[in-house]
Amino acid sequence: MHIEKNFFDNVFNIVMDVKGKTKDNHKVRLDLAELCVRGDLELIQLPNGKLAKPKANYTFSPKDVKSVFKWMTELRMPDGYASNIARCANPEKGTLHGMKSHDCHVFMECLLPIAFRSLPDFVWSALAELSRFFKDLCSNTLRMDDVVRMQENIPIILCKLERIFPPGFFDSMEHLVIHLPMEVLHGGPVHYRWMYPFER
Amino acid sequence: MQHPSDGKAWKHFDNVYPDFAADPRHVRLGLCSDGFTPYVQASTSPYSCWPVFLTPYNLSPEMCVTKPYMFLTCLIPGPTNPTKKIDVYLQPLIDDLQLLWNEGVFTYDIFGKENFVMRACLMWTINDFPAYGMLSGWETKGKLACPHCMEDIKAFTLRHGGKASWFDCHRRFLPTNHPFRKSQRRFLKNKTEMDGPLYIMNGGQLWGFLNDFPKVTEGPFDNLPGYG
């Protein structure tokens, strides 16, 4: 549960380019230049001596960020499904606040593919697969062969994300996702083992 | 799969202890602990206390993990979080659980109108990640944070960011002939991945690994060399 929430926070912050929270900052770009072959993302030396950060293809432009937040403020949820996400969005600052972990869960599973549709296709499809993965993982009834298939799929999804996002994006939470299907295989559906009832 | 009883762990347990599995009245428990702050966070100095719940799992799916079936067993007080000393606080609970597992407790069954010996086992714990670190003793921060992979992990520290990164740790889980494994450009520079997936230790091996470690109650210790 916390894995899902933290993963969602990281993805959201980096795609929406939330100031101060995004994992796509100067230091990450410096690391990226050392570790990977991605010329289009390396910092550029400007004539006045400063370093400029070229816009990455996995972040929204400010215009897109505005329109996504506008969409979020107009969102209406079914009764009792999630808290009012429209109230969590702050379009002026471009931040989310007061998201409970269940809201993150709903956003991750249902709204993420819609919200990030205007990303380039290869980024969007990887994120949509991830959202699909969480949705399958959290379902009430699972079939054994489905879980085995998920276990085969998740490394591919994560590798696709690794091809897109910089190294600094992958902290422990992104890694732990890979073990979730195995836990399901051993322990049964997740809603008996995640902390939602205890946090309430 | 609709219930924890469909999982491998439950079935394995049934195979190993058939006498326990034979009586459906034997209870299987989950243990959950979480820190919360009882006072307003902003004004006063931080104070967190740690409730520890037990919840039985051999109930029907709609009754499992609901409010009437969660039992507060102990409450760990204190303005700071217990960290490794949580073991000391949990000792009475562990003693009780061991009594329940080894001998069992004489209980009255109101449905069958008879007395029987109830035994209980602890299936698993439910935690958030920092609490998991406390309960299991496996450090959940830094490079070795993943409790599944343990020390067999290729995480590294970023030189500029100063944080641990799990970049390029996932190609080893791919099938051996997957094209991503050969890529030298899209992942780490000039690096191909030829390692197989992780080896997960079984219970006996894990016990052999852990058995020699000292307990918290036996005194303060320094970190083990190479860990933490």
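In this predicted model, chain A has a radius of gyration of 18 Å, which agrees with the value near 16 Å that a compact globule of 200 residues would have. Taken along the principal axes, the C-alpha atoms of chain A fill a box of roughly 60 × 35 × 30 Å. Of the 200 residues in this chain, 37% count as buried, and among the contacts in chain A with a separation of 6 or more, 57% are made by residues 24 or more positions apart.

The secondary structure of chain A consists of 10 helices and 4 strands. Read from the N terminus, the order of these elements is α-α-β-β-α-α-β-β-α-α-α-α-α-α.

**A bent helix in chain A**

Helix H5 of chain A, which covers residues 101–115, spans only 18 Å between its end C-alpha atoms, whereas a straight helix of 15 residues would span 21 Å at 1.5 Å a residue. The same helix, H5(A), holds a kink of about 50°, and this kink is centred on A:Met108. A:Met108 is also one of the buried residues of H5(A), a list that further includes A:Asp103, A:Cys104, A:His105, A:Phe107, A:Glu109, A:Leu112 and A:Ala115. The elements of chain A that cover these buried residues include the four helices in the table below.

| Helix of chain A | Residues |
|---|---|
| H1 | 2–16 |
| H3 | 62–73 |
| H4 | 85–88 |
| H6 | 121–137 |

**The contact between the chains**

Where chain A and chain B touch, the contact takes 40 residues from chain A and 43 residues from chain B. On the side of chain B that touches chain A, at least two residues each are supplied by helix H1 (8–16), strand E6 (120–126) and strand E8 (164–165) of chain B. Sorted by class, that side of chain B has 23 nonpolar residues, 9 polar residues and 11 charged residues.

**A hairpin in chain B**

Strand E4 of chain B, made up of residues 105–109, lies largely in the open, because the number of buried residues among its 5 residues is 0. E4(B) runs antiparallel to strand E5 of chain B, which covers residues 114–118, and 5 bridges join the two strands. Within this pairing, B:Thr107 has B:Phe116 in E5(B) as its bridge partner. The hairpin formed by E4(B) and E5(B) has 4 residues between the strands, and in this hairpin B:Lys113 takes a positive phi near 55°.

Notes. Residues numbered from 1 in each chain as written. Chains lettered and ligands numbered in written order. Predicted model: local features only at pLDDT ≥ 70, side-chain atom pairs only at ≥ 80, totals over all residues. Rg over C-alpha atoms; globule rule 2.2 N^0.38 Å. Buried ≥ 20, exposed ≤ 12 C-beta atoms within 10 Å, placed from the backbone. Contact = placed C-beta atoms within 7 Å. Nonpolar A, V, L, I, M, F, W, Y, C, P; charged D, E, K, R; others polar. Pairing = 2+ DSSP bridges. Expected span 1.5 Å × (residues − 1). Bend = angle between axes of the 7 residues up to and from the residue.
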